[in-house]
Each structure stands twice: as structure tokens, then as C-alpha cells.
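Trainee: I should like to go through the reasoning behind the labels given to this structure. May we take the terms in turn and set each value against its cut-off?

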Amino acid sequence: MRGPFLYLIPLLAACAAIIAAVLFPAQAFAAEEHGLPGASMPLWWALPFAGLLLSIATGPLLFPHVWEHHYGKISALWAALVIVPLAAAFGVPTAIEAVLHALLTEYMSFIILLFALFTISGGILLAGNIHGTPLVNAGLLLVGALLASVIGTTGASMILIRPIIRANDNRPFNAHVVIFFIFLVSNIGGSLTPLGDPPLFVGFLRGVDFFWTTANLWRETLFVGGAVLAVFLGIDIILHRREAGAPKIKDPTPDTTVRLRGLANLPLLAGVIGAILLSAAWKPGVSFSVFGVSLELQNLVRDAIILALALLSLPLSYKSHREANGFNWGPIAEVAKLFAGIFICIVPVIAILRASHDGALAPLVSLVSSPSGTPNDLAYFWLTGALSSFLDNAPTYLVFFELAGGDPRHLMTEFASTLAAISAGAVFMGANTYIGNAPNFMVYAIARHRGVKMPGFFGYMLWSGLVLIPIFLVAGFLFFG
């Protein structure tokens, strides 16, 4: 098994640059202020971003073997198609600053948090087995949904997917349990904190307060999550009764006492949360310049603490616990490489969006605002959600965050309903397809490997269309209409 460092080369390179700037500030390159002229940039600057997202959406399905072995190269190719033209059109200093600003101020913190949650949660094992009755399953889904906002949808999914499969592996009808697990644990449950889902952490990095989502999305989350859980309970009760007359399947994992292993990782998870809260509360006013990009001390300290806690989890965790969880570095490797490309490719798109009605994306601006300029919250909810269903929800959130003005102070106050609509659309509707959010496909692959007869791509969309879309329609008009 390859270690974590191989998959964090972009991150380690960025850290090296920061350390060099801190230790040798005189040698740090201080560029002049540069900015991309978004108003004059044509729409073709968005093609690499669209191409990369299309590759992510179709690669695992249309050419899985090529994608599995070369997704990092594909991501790098699309990123190069942004960097080289930027340097040619606007000069090397402008291109360097624009790209490094995205990597050092957003990507680095983003991937460090995901890496930490993935690594620490991988050392926590829920051992033993219980029988998967409707009430037990609903309880597990509820616990998983609550846990998702604390350790992230990826962390909660990794910890709970195998126990819930074991609980139902003697039932002839069990695919629906995994489908609703994706709905609730891998997506909807992560809507209450920046730890929960990548788009919300992107918002936190952009200046949204840590507990803003908790205070402003709890009603939407309670309604949508409660409705989905109620539908699941009804379906599972019906199927459980039908199974009573079916031939019995020998339970491959008989019921045993359930125990939580790897408890040494729980204080590490608490430390991650503490580090994020520290960076939100502690503002010393100290920053360092790395090639013209200003990095604030509190953010560097936060990232260093989180990274140290993740690495500390490796020697503190039993290897057997990680093996029982099926832990490997593949998923975080894919996220690290693909999101490095995404954060680079989105640079010119954000510049165009900042130009608002003067930019090439003015028609999109018109869709989400009235002629007077007032935001249309329902349009933000559905457009963010529709794109998050097929593209990764973190960059989709960032696009509409910028489209709404990109100023967190205004978005958290007078435009709070707009930011709530964007946040809810990105998080909730990532559940509509297997590719809407990173944990979805991971859970699907694990379930199939464990013998669950999971529906295909369009079969899953039939489930989400029948269950989620009606609930989203009601929630949209109830909260954002």
C-alpha cells in the first residue's frame, strides 16, 4: 500500500513554498498586484473547466480502465490548457499569481481538511454486527446523517457503509438501504457545518462563518432529511414484510456485540474541529507573501495543526482496523489530483463571473436575478443543484457563490437566503447521481464489491427522481420561493 505522501505532491510543494517564504521572506517573490480582466475574456476561457468536469463525469463510466490509470495526467492536461494561455495572453506574473492564489489560499486548505478527515476516520472501526430491521436501519441512517456534519460525508460514509451492509447482508432486498445511505449520509447530512461537505468548506475558506450554515440551514436540512428518512422507513417496512415469506438466506455475518474501535482517533477529530474554530476566532493580523499571494498566519497554523493530526493518526491506529475498513489511499489520491486541476481551471471562470453583467456569462447572471438585480433564490437553488447533480458540487458552489457577488459579508446578511439556496442546492442535490459527490461512487463501489445488487447509473437516477426531486420541489417553494 502506497503511503499518503505520494498523493499529496501538490500540497507538499505548496507547503515548501510557504516555509521558504516564512524562513526567507527577503527571497519571496513579491509581485505587483495583478488581476485578470474578466470583462474582456471570451467564454472559451471556460472550456478547460467544462472539459475537466465532463471528464470527471464520464471517465469512470465510459473508459474506466484508462481513467483509473491516467486521471492525474488528464487533470494536469486540462490545467495546462489554462496556465499556458493565461501566461501567453496576460503575462507570466499575472498567470503565476492567479494560479498560485487559487492553490495556496483555497486548494491547500481544502485538500488538507479532506485528507485529515479521510485518514483519521479510516482508523475508526465499528466492529460487530446487528440485524438490519427497518427501525435499526433508520437509526443507523440518522446517526450517519448527524455524523456527516461532524466528520464529513466522506468520513461518515467510510465508517458506516460496511456496518450497514453487514446488518442487511441476509436480506434479499437490501440495495435500497445503500441508496438511501447515499442520499442521507453521503450528502444531505453534511449540510450543517463546513466540515460536512466540500462546498461548504470552500465557502468557509471564502469567509463564511463556521456556524453560519448551522444557523441558516437547519430548517431545510431537518425538512429534507426528515422527509427522506420517512420515505425510507415506509419502503423498508414494506420490503421487510415481503421478505417474511421469502426463502431464508443464511446470514454470512451473524449478530455480534457492536464495539467502537480506534478510540484514539476521536480526540484527533476534535482537534481538527478546534483548529478550524481557532482560525475563525484568532486574527493576529500577520501574513506572509509567497510570489505575491498573501497567506494569513491563522490559516497556516490551522492547516499545519490539521495535517499534523492526520499524520499522527497513522501510528496511533491499529493496522487491522484500517484493513477491516478496507482503507486505502486511492480515493484521496483521486480527490487530490482532480481538485488541483479543478481549482486551476476555475480561475478564468471566476474572473468572468466577477465581471457580472459585463462578462461573457451575463446570460447566466440574468437567469438568477430579476431585471432590477434582485437575486432569484429559487433559481439559485435549482441551478446550483442541477449542476451539482452531474458535476462536482464544490466547484459548482464556487461558481454560484461568485455569481451572487462573492462577498461573504453581504451573502451572510442581507443576501442570507441566497447563500442558503446555493448551499442547500449544492449539498442536497449532490445525491441525485453517483457522480454528484465524491462519497457516492465510493459507497456504490464498496456495496457492489460486498455483493449488493446496486442499480446502474440511470437506475439510481430513477430512485433519486422518484424520491428526492419531489421533496426538493416542496423544499424549494417552501424555503426559497
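Mentor: Let us begin with Leu277, which is placed in helix α9. Please keep in mind that the model is a predicted one.

Trainee: What makes Leu277 count as partly exposed?

Mentor: Its relative accessible area is 31%. Buried would require a value under 20% and exposed a value over 50%, so Leu277, at 31%, is partly exposed.

Trainee: Which residues does Leu277 contact, neighbours within four places in sequence aside?

Mentor: Leu277 is in contact with Phe210 and Phe211. Contact here requires heavy atoms within 4.5 Å. As for Arg302, its C-alpha lies 8.9 Å from that of Leu277, with their positions 25 residues apart in sequence.

Trainee: Helix α9 also packs with helix α4. Why is α4 called roughly antiparallel to α9?

Mentor: Helix α4 (residues 92-122) and helix α9 (residues 265-281) pack at an angle of about 165°, and their axes are 10 Å apart. Angles over 145 degrees count as roughly antiparallel, and therefore α4 is roughly antiparallel to α9. The crossing of α4 past α9 is left-handed.

Trainee: Which residues make that contact, and how are they classed?

Mentor: On the α4 side they are Leu113, Ala116, Leu117 and Ile120, and on the α9 side Asn265, Leu268, Leu269, Val272 and Ile276. By class, the contact has 8 nonpolar residues, 1 polar residue and no charged residues. Asparagine is outside both the nonpolar and the charged lists, so it is classed as polar.

Trainee: What makes α4 roughly parallel to α5?

Mentor: Helix α4 and helix α5 (residues 134-167) pack at about 25°, with axes 9 Å apart. The cut-off for roughly parallel is an angle under 35 degrees, so α4 and α5 are described as roughly parallel. Their crossing is right-handed. Leu117, Phe118 and Ser121 of α4 meet Ile151, Gly152, Thr154, Gly155, Met158 and Ile159 of α5, a contact with 5 nonpolar, 4 polar and no charged residues.

Trainee: Why is α6 described as roughly antiparallel to α8?

Mentor: The angle between helix α6 (residues 175-184) and α8 is about 175°, with the axes 11 Å apart. Roughly antiparallel begins over 145 degrees, so α6 is roughly antiparallel to α8. In α6, His176, Val177, Phe180, Phe183 and Leu184 take part, and they meet Gly225, Val228, Leu229, Val231, Phe232, Ile235, Asp236 and Leu239 in α8. This contact has 10 nonpolar, 2 polar and 1 charged residues.

Trainee: Let us turn to the aromatic rings. Why is the pair of Phe115 and Trp329 called stacked?

Mentor: The structure holds 27 aromatic pairs. In the pair of Phe115 and Trp329, the ring centres are 5.9 Å apart and the planes differ by 25°. Rings pair if their centres lie within 6.5 Å, and planes under 30 degrees apart count as stacked; the pair of Phe115 and Trp329 is stacked accordingly. Phe115 is in helix α4, while Trp329 is in the loop between α11 (319-324) and α12 (330-354), 214 residues apart.

Trainee: How do you know whether Phe115 and Trp329 are buried or exposed?

Mentor: Phe115 has a relative accessible area of 2%, and Trp329 one of 5%. Buried means under 20%, so both Phe115 and Trp329 are buried.

Trainee: What makes the pair of Phe223 and Phe479 edge-to-face?

Mentor: Their ring centres are 5.9 Å apart, with 70° between the planes. Edge-to-face requires planes over 60 degrees apart, and the pair of Phe223 and Phe479 is classed as such. Phe223 lies in helix α8 (residues 212-243) and Phe479 in helix α19 (residues 457-479), so the pair ties together parts 256 residues apart in sequence. Phe223, at 29% relative accessibility, is partly exposed, and Phe479, at 26%, is also partly exposed.

Trainee: Which residues do ring pairs link into a cluster?

Mentor: The cluster consists of Phe180, Phe183, Phe232, Tyr434, Tyr444, Tyr460 and Trp463.

Definitions and conventions. Residues are numbered from 1 along each chain as its sequence is written. This is a predicted model: local features need pLDDT of at least 70, side-chain atom pairs count only at pLDDT 80 or more; totals for chains, interfaces and linings use all residues. Side-chain values use heavy atoms; hydrogens and water are left out. Axes are lines fitted to C-alpha atoms, for helices over the stretch in contact, and angles run from 0 to 180 degrees between N-to-C directions. Helices (H or I, at least four residues) and strands (E, at least two) are DSSP runs, numbered from the N terminus. Angles under 35 degrees count as roughly parallel, over 145 as roughly antiparallel, 65 to 115 as roughly perpendicular and the rest as oblique. A crossing is left-handed if the near helix is turned anticlockwise from the far one by less than a right angle, and right-handed if clockwise. Rings of Phe, Tyr and Trp (its six-membered ring) pair if their centres lie within 6.5 Å; planes under 30 degrees apart count as stacked, over 60 as edge-to-face and the rest as tilted. Buried means under 20% relative accessible area, exposed over 50%, partly exposed in between (1.4 Å probe, protein chains only).
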